[in-house]
Amino acid sequence: MSFMQRRLNDPAGRDPRKPEADPVAETPAAPMRPVTPAAPPPPAAHAAGPAYVVPDKARTPAKLAYLRKLMRAKILKSPDEADTWTRGDAEKETMLSIRMRAMLEKIASERREYALNPSEFEQLRDLLLDDLLGFGAIQPLVVDRACSEIMVNGPEIIFAEIKGKLLETDLVFDDDEHIEYTAQRIVRPLGRTIDRNQPMVDARLPDGSRVHIVAEPSALMGTTITIRKFPEKRLTVEDLIKFGSLTPEAAEFLKACVHSRLNIVVAGGTGSGKTTLLNVLSGYIPDDERIVTIEDAAELQLAQRHVVRLETAPPAPGGDGKRGMLTIRDLVRGSLRMRPDRIVIGECRGGEALDMLQAMNTGHDGSLTTVHSNNPRDSVARLETLCLMAGMDLPVSVIRRQIVSAVDLIVQIARIKDGSRKIVQITEIQGMEGDSVTLQDLFMYRMPGQTTLAPASIGGGRLEAMGYRPKFIDRLEENGFKLGGRIFGVGQKPPGAK
Ligand SMILES: Nc1ncnc2c1ncn2[C@@H]1O[C@H](COP(=O)(O)OP(=O)(O)OP(=O)(O)O)[C@@H](O)[C@H]1O
Ligand SMILES: [Mg+2]
């Protein structure tokens, strides 16, 4: 793997965090904060599989780690000098290399042991450029196109999702200060700060990637950085079919539903593929409709032209922590005055759910959103809870009726045990029976010959039709979608279905 090859292995296996890093310093190196020992691997996740193997860590050789730290602090004329510079900018890299060479000559003239041979200098220059212009130790992951997520659990443990597989990498930050330097380098150009007053930051990088940083005192393993990289190209429905996330028949059905202006909620857990699926579904909205998208961090990539993209705004810097802030809820309310044909909300996480339901019930049919939940019934409960958060003091029964009359379909997606993402249920909200909501599964992810009625959670299954036509079939037909009984598996109810 590219970043593994590029990393330098210290043949002596020394730990650069130990004071031996500079045995001959005139002034002792600044005392380093103790690093919390690496946590053992999570037992539950690995208990059933083979023993967890911690990869050999590719540490910076001690001499280079010492110089890297010393020079990193001094090479820029001011801490923010390089805020807008990027790794790969040849002009800036040359200028910084010249400064490095001059600084190193001075250090080596006083202390010969820090004279570097050309290959050591090249290594040091690359490491420093990663720190000053890039993202420090995780720079190789940031530029690796196959990497979609980066998780830094303190300096010692760095996980990444590469080609859909989550693995612990051999990368490490040299020490706590190194990781803090990178955290500052991420947030400072965005006009944000991370310090004792604001130890947690949610931000978006200029390329659209999402970053979440937690620092001390809450982050017990050292500064924690999580980056969800912005995909250069979102997956298409063809990709999802190829990966087995859904079948062509289910895709045809979902296309008909979006076209016919059904209100659809995509539900799933963290990282299950909700936004990707929302993007695919939004892609089915006809070109002549006005779409308003509302997101916390704009991730949707719609091909249509008549799209208004809105994103929440954090409070203005230096204000009272509220001024200048726009929440999803503010934006949903505002969007109703923008004559939208469709409202697409990236995720409902709070009181905006109530505004959305009201919009769906008052002529903004065909709206789409996602919620965080594990099954369709949970999604209804989750929507109820979110609506209660709007603080309107409505009885649950009223909210429940609003949900039932607004939402037509729940599409449940999950990351199953083999790490792949599958649509596991496509469920119609049919109505109420007394106080309870009636749901009908139209499609379910099942294993061959499965007789139980819960979706399968392992690979090797298929999203099967359950043998029922939805109640809203007339709406699909009015919109020109004459889906045969074949799509719904009518006449061939799978084993176990009523
Ligand atoms: N069906 C799929 N098959 C394979 N990879 C997928 C699929 N759907 C999404 N992914 C990938 O999984 C990662 C997470 O996807 P996505 O952002 O859509 O998830 P999410 O549920 O919205 O996450 P979050 O809970 O963080 O908002 C992305 O890298 C995406 O490209
Ligand atoms: Mg998402």
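Helix 10 (residues 274-282) is a good place to start, as it gives the shell around ligand 1 its largest share, three residues. Please keep in mind that this is a predicted model. From the ligand, the tour moves on to two open sheets, one of nine strands and one of six.

**The shell around ligand 1**

- The shell draws on both domain 1 (2-228) and domain 2 (237-488), so ligand 1 lies between the two domains.
- Of the 16 residues around ligand 1, the ones that come nearest are Ser245, Gly271, Lys274, Thr275 and Thr276.
- Sorted by class, the shell holds nine polar, four charged and three nonpolar residues.

**Polar contacts and burial of ligand 1**

- Thr276 has a side-chain N or O atom 2.5 Å from an oxygen atom of ligand 1.
- Ser245 offers a side-chain N or O atom that sits 2.8 Å from a nitrogen atom of the ligand.
- Arg228 joins in as well, with a polar side-chain atom 3.0 Å from an oxygen atom of ligand 1.
- The protein buries 88% of the 640 Å² that ligand 1 exposes when taken alone.

**The nine-strand sheet**

- Reading across this open sheet, the strand order is 9-8-10-11-7-12-13-14-15, and the pairing is mixed.
- Its edges are strand 9 (307-311) and strand 15 (462-465); each has a single partner strand, so one side of each is left without a neighbour in the sheet.
- From one strand to the next, the twist averages 25°.
- Strand 10 (residues 342-345) and strand 11 (residues 368-372) run parallel and are joined by two bridges.
- Within that parallel pair, Ile345 has Thr369 of strand 11 as its bridge partner.

**Two hairpins in the nine-strand sheet**

- Strand 12 (residues 409-415) pairs with strand 13 (residues 421-433) in the antiparallel sense, over seven bridges.
- One of the matched positions here is Ile413, whose bridge partner in strand 13 is Ile423.
- Five residues separate strand 12 from strand 13 in their hairpin, and Gly419 in the turn has a positive phi of about 90°.
- Strand 13 also pairs with strand 14 (residues 436-446), again in the antiparallel sense, over eight bridges.
- In this second pairing, Ile429 stands opposite Leu439 of strand 14.
- Strands 13 and 14 form a hairpin with two residues between them, where the turn residue Gly434 has a positive phi of about 65°.
- When you look along these strands, remember that side chains in a regular strand alternate between the two faces of the sheet.

**The six-strand sheet**

- This open sheet runs in the order 3-2-1-6-5-4, with antiparallel pairing.
- Strand 3 (165-168) and strand 4 (200-204) are at the edges, and each has a single partner strand, so one side of each lacks a neighbour in the sheet.
- The twist in this sheet averages 15° from one strand to the next.
- Strand 2 (residues 157-162) and strand 3 run antiparallel, with four bridges joining them.
- Across that pair, the bridge partner of Ala160 is Leu167 in strand 3.

Key: Residues are numbered from 1 along each chain as its sequence is written. Chains are lettered from A and ligands numbered from 1 in the order in which they are written. This is a predicted model: local features need pLDDT of at least 70, side-chain atom pairs count only at pLDDT 80 or more; totals for chains, interfaces and linings use all residues. Side-chain values use heavy atoms; hydrogens and water are left out. Two strands pair if DSSP finds at least two bridges between them. A residue is near a molecule or strand if one of its heavy atoms lies within 4 Å of it. A polar contact is a pair of N or O atoms within 3.5 Å; within protein, one must be able to donate a hydrogen and the other to accept it, and residues adjacent in sequence count only if both atoms are side-chain atoms. Accessible areas come from the Shrake-Rupley method with a 1.4 Å probe; for residues, only the protein chains shown count as cover. Ala, Val, Leu, Ile, Met, Phe, Trp, Tyr, Cys and Pro count as nonpolar, Asp, Glu, Lys and Arg as charged, and the others, Gly among them, as polar. Domain bounds come from an automatic or database domain assignment. Axes are lines fitted to C-alpha atoms, for helices over the stretch in contact, and angles run from 0 to 180 degrees between N-to-C directions.
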